[in-house]
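Here are my notes on the model you sent. Please read them with the structure open beside you.

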Amino acid sequence: MVALAMAGALAAAAAMIWREYRGARDGVFAHALLLAEADARTDRAVQERDIALISERLARFMALPGVKYAAVRDADGREIVARRGEDADGYPEADFGRARRGVAPFDQGIATDERRAGLERFSDLTVPVFVTADMQRGAGPRASGGEAGSRYLVGYYHLRVSLDEVWRSVQGYALRVALACALFVALTALLTLRVTRRISAPLRALEQLVERVSAGNLEQKLIVKGGGEVDRITSTINALISELHTYKLQTDTSNVLLSRKVDERTEQLSRRNEELNKAVQQVTKSKEQLHQLAYYDSLTALPNRRLFIEQLDVLLRLTRREQRIVALLFVDLDNFKRINDSLGHAAGDVMLKEVAGRLSRCLRSSDFLAVGSGGDVPSSVSRLGGDEFTVVLSNIDRPESAGMVAERLLQSLRAPMLIEGHELVVTPSIGIALAPDHADSVSELLKLADTAMYHAKSAGRNNYAYYSPEMSGSGVGRLKLEAELRRALERRELVLHYQPQVKVATGEIVGAEALVRWNHPERGLVPPGQFIPLAEEMGLIIELGAWAVVEACGQIRAFQRQGLTPPKISVNVSSLQFNAAFTALVQKTIADFGIDPGMLELELTEGVLMSNAEASIRSLHDLKRLGVSLSVDDFGTGYSSLSYLSEFPLDELKIDRSFVIAFDSGPRSASLVSAIIAMGKSLNLRLVAEGVDSGAQYRFLHEAGVDVIQGFLFSKPVPAEDFARLLGSNRFAEQIRTLEQEAA
Ligand code: C2E
Ligand code: MG
Ligand code: MG
């Protein structure tokens with residue numbers, strides 16, 4: 001705007017100055033023309049050569065600005081009168097010829113000096129002076145044109161004007177114009193500034209307001225002082241802002257309420273979520289617990305029968321096509337029921353846990369498995385129930401590896417366990433069946449391993465046996481046996497055989513051990529080792545044991561009725577029978593048959609006595625009070641506490657057959673037997689050696705101090721009738737004489 005005003009003012013000033021300059025210059029020329037005109041028309045001073053008038057006129061010329069030379073020349077251009085400025089010397093002489101070059105005689109001429117003569121620029125003005133024809137007097141050349149016939153050139157006015165000086169003469173004016181122009185520009189600028197301020201200040205305020213509003217600040221009002229329109233706009237905007245502010249406050253409030261609601265909902269949701277998570281956790285936990293209950297034994301935490309069957313099934317399927325051997329070891333604890341019944345279920349549970357722990361630990365020590373099979377053998381222990389455990393060896397390279405594992409399992413249970421203050425030993429019997437050799441289904445494999453286990457038990461317990469097809473052929477499958485055994489008692493298939501006990505010194509029969517046999521309708525005479533453990537596990541032993549006592553007492557009575565003098569008869573007592581009811585039964589039986597209580601002897605193993613020594617002491621005293629004789633069977637195989645042994649009211653000690661067999665296997669075995677004998681003697685017990693079947697054994701035992709000998713050497717266990725015949729003879733006295741003669 002200011003620039004526009006400045007440009008306009010400058011242009012206007014330039015135009016004005018130029019006009020002034022032109023006016024000044026043209027004023028001189030016009031003056032000259034007027035004078036020439038006047039001269040021609042009125043006074044004819046040039047024609048008349050009126051020097052005074054001419055001089056006066058020239059002087060007037062000289063007074064005009066910039067005129068440096070004024071002259072009147074004749075028609076030929078000769079100078080008649082001339083005036084020169086004071087500083088005429090400083091300028092070049094006026095050149096008439098140059099000034100008239102190219103100009104017709106009656107035309108005025110203006111020749112501007114293009115060259116610079118010093119610093120000044122000059123213009124030469126020549127104006128012809130002419131008269132009409134009738135007034136001709138010594139006139140110059142005739143004028144040409146329409147009036148050529150009536151005009152005569154009488155001379156020229158010649159003016160020389162310094163253009164620079166004309167310019168200088170208007171300089172004052174130019175200065176004034178420039179000043180006015182500057183003033184105008186300044187005013188315009190000032191005005192523009194003010195106007196701009198008036199407009200831009202509200203605009204800036206408006207801009208700031210927009211920024212504030214967009215930043216959400218609606219509290220500050222727009223303050224602009226502009227008056228009029230601006231004020232109206234300001235108040236409108238402020239009203240708008242205040243409405244916006246109110247609206248914003250409302251929105252903020254509802255936003256706060258909304259966010260509070262959202263928070264509440266979020267909290268509710270997260271609480272719900274937590275509850276849901278808890279519920280899911282509980283469900284998962286219960287599921288896990290259910291799974292644990294369904295698949296694991298709660299007592300030992302081992303996999304149960306169900307899991308065992310499922311896992312073995314999968315394993316068998318997987319290994320069917322591979323050349324791998326899977327071994328199933330069926331582990332059954334020997335005489336566990338005795339522990340349970342004599343010490344209570346709590347003690348039994350502790351024992352089962354301990355057994356489970358030992359089996360697992362034993363299988364975990366992978367080095368022995370690796371050594372045994374030449375590689376790592378994956379294995380798992382499960383508890384099927386009661387005292388039955390299984391071990392599955394999922395990848396063995398040869399059948400013998402299973403036997404090595406079984407050996408190791410036996411070993412692991414060998415050390416006594418401390419249960420409720422008792423040092424107990426539990427032994428297992430292990431049956432081994434192999435897949436795919438023996439069977440390839442779980443049920444079949446389990447059945448065969450069970451059969452093998454049963455055979456291991458029959459073979460004297462605390463050992464293992466591989467399944468062989470003959471076992472099945474012999475028909476000793478456990479389930480079958482169980483059913484048959486129950487019937488055996490009802491059908492009176494059980495019989496007692498009697499094995500004589502011979503006094504070393506005299507050869508007389510001082511006793512007989514009643515040993516049960518099962519007269520099986522198909523299999524013939526079954527030895528007790530094959531069904532006593534089963535009877536114990538089935539609980540049938542109570543009935544069986546009672547039957548044996550009654551049968552033996554009845555036999556004593558029968559012998560007596562036959563007129564024979566029978567010796568005392570020993571009956572084996574299982575630990576499960578050994579309780580108050582048994583004592584009552586013995587008492588009643590003796591009374592029923594009316595026999596001398598001293599005729600009856602009861603054989604108890606070390607294990608039975610030691611498993612609950614305190615109770616045993618009481619029971620033994622009860623029995624002792626009845627007058628029966630008490631004997632410790634299989635002495636040396638258990639873990640007898642000598643201090644307890646001395647407290648039991650015992651009469652007899654039976655040295656186990658294993659010592660008798662081993663006596664000549666080395667000096668230590670012999671001295672062991674001697675030590676047992678010495679101990680028995682010191683406890684004042686009768687010493688009976690059982691299982692004696694050779695003369696050498698007889699002689700050794702005789703020399704060692706054994707009182708009574710029982711064994712095949714003298715007689716196998718025989719039916720009652722046969723035993724009655726033995727009673728009548730003095731066979732054994734003769735036999736002893738022969739033996740001693742041989743020795744001598
Ligand atoms: P036990 O009480 O140690 O009986 C001795 C076992 O040794 C008997 O075996 C007997 O036949 C055997 N025997 C005796 N002399 C010799 C010998 O010179 N050589 C050999 N090889 N063996 C000999 P049996 O009759 O098979 O009885 C085995 C076990 O069965 C008995 O061991 C006993 O613990 C148990 N038993 C037998 N009858 C009964 C019973 O009525 N009730 C209970 N609870 N257990 C019984
Ligand atoms: Mg016995
Ligand atoms: Mg024995």
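The numbered points below take the metal sites, then the ligand, then the sheets, and end with one buried residue.

1. Please keep in mind throughout that this is a predicted model. The distances and angles below are computed from its atoms.

2. Start with the magnesium ion (ligand 2). Its protein donors are E513 (OE), N572 (OD1), E603 (OE) and D633 (OD), at distances of 1.9 to 2.3 Å. Along the chain these donor residues are spaced E-x58-N-x30-E-x29-D. Within this set, N572 belongs to strand β16 (residues 568-572) and D633 to strand β18, so the pair ties together parts that lie 61 residues apart in sequence.

3. The magnesium ion (ligand 3) takes its protein donors from D633 (OD), D634 (OD) and E690 (OE), which lie 2.1 to 2.4 Å from the ion. The spacing in sequence is D-D-x55-E. Distant parts of the chain are linked here too: D633 sits in strand β18 (residues 629-635) and E690 in strand β20 (residues 686-690), 57 residues apart.

4. Which residue coordinates both magnesium ions, ligand 2 and ligand 3? It is D633, and the two ions it bridges are 3.8 Å apart.

5. Are these donors buried or exposed? D633 has a relative accessibility of 7% and therefore counts as buried, because the cut-off for buried is under 20%. E690 is also buried, with a relative accessible area of 10%. N572, at 27% relative accessibility, counts as partly exposed.

6. Ligand 1 has 21 residues around it, of which E513, R517, N572, D633 and F712 come nearest. Several metal donors also make polar contacts with ligand 1. N572 has a polar side-chain atom 2.9 Å from an oxygen atom of ligand 1. For D634, the distance from a polar side-chain atom to an oxygen atom of ligand 1 is 3.1 Å. In the side chain of E690, an N or O atom lies 3.4 Å from an oxygen atom of ligand 1. Of these three residues, N572 is a donor of the magnesium ion (ligand 2), while D634 and E690 are donors of the magnesium ion (ligand 3).

7. Next, look at the open sheet of five strands ordered β2-β1-β5-β4-β3, in which the pairing is antiparallel. Its edge strands are β2 and β3 (109-112), each of which pairs on one side only. From one strand to the next, the twist averages 15 degrees. Helix α2 (residues 51-63) packs on this sheet, where the helix touches β1, β2 and β5 (151-162), and its direction makes about 35 degrees with that of β2.

8. Within that sheet, strand β1 (residues 67-73) and strand β2 (residues 79-84) are paired antiparallel through five bridges. You can follow the register by eye: A70 stands opposite R83 in β2, and R73 stands opposite E79 in β2. The hairpin of β1 and β2 has five residues between the strands, and G77 there takes a positive phi near 95 degrees.

9. A second open sheet, also of five strands, has the order β7-β8-β6-β11-β12 and mixed pairing. Which strands stand at its edges? They are β7 (379-385) and β12 (464-466); each has a single partner strand, so one side of each is left without a neighbour in the sheet. Neighbouring strands here are turned against each other by 20 degrees on average, direction ignored.

10. In this second sheet, strand β6 (residues 325-333) runs antiparallel to strand β8 (residues 388-396), and seven bridges join the two. One position to check is I325, which stands opposite I396 in β8. Helix α12 (residues 442-458) lies across β6, β7, β8, β11 (428-435) and β12, and runs at about 145 degrees to β11.

11. Last, consider I419 in strand β9 (residues 417-419). At 2% relative accessibility, I419 counts as buried. Apart from neighbours within four places in sequence, I419 is in contact with A347, V350, M351 and L424. The C-alpha atom of I419 is separated by 160 Å from that of E93, and the two residues are 326 residues apart along the chain.

Terms used
Residues are numbered from 1 along each chain as its sequence is written. Chains are lettered from A and ligands numbered from 1 in the order in which they are written. This is a predicted model: local features need pLDDT of at least 70, side-chain atom pairs count only at pLDDT 80 or more; totals for chains, interfaces and linings use all residues. Side-chain values use heavy atoms; hydrogens and water are left out. Donors are N, O and S atoms within 2.8 Å of the metal (3.2 Å for Na, K and Ca); water is not among the atoms, so sites may look incomplete. Helices (H or I, at least four residues) and strands (E, at least two) are DSSP runs, numbered from the N terminus. Buried means under 20% relative accessible area, exposed over 50%, partly exposed in between (1.4 Å probe, protein chains only). Two strands pair if DSSP finds at least two bridges between them. Axes are lines fitted to C-alpha atoms, for helices over the stretch in contact, and angles run from 0 to 180 degrees between N-to-C directions. Contact means heavy atoms within 4.5 Å. A residue is near a molecule or strand if one of its heavy atoms lies within 4 Å of it. A polar contact is a pair of N or O atoms within 3.5 Å; within protein, one must be able to donate a hydrogen and the other to accept it, and residues adjacent in sequence count only if both atoms are side-chain atoms.
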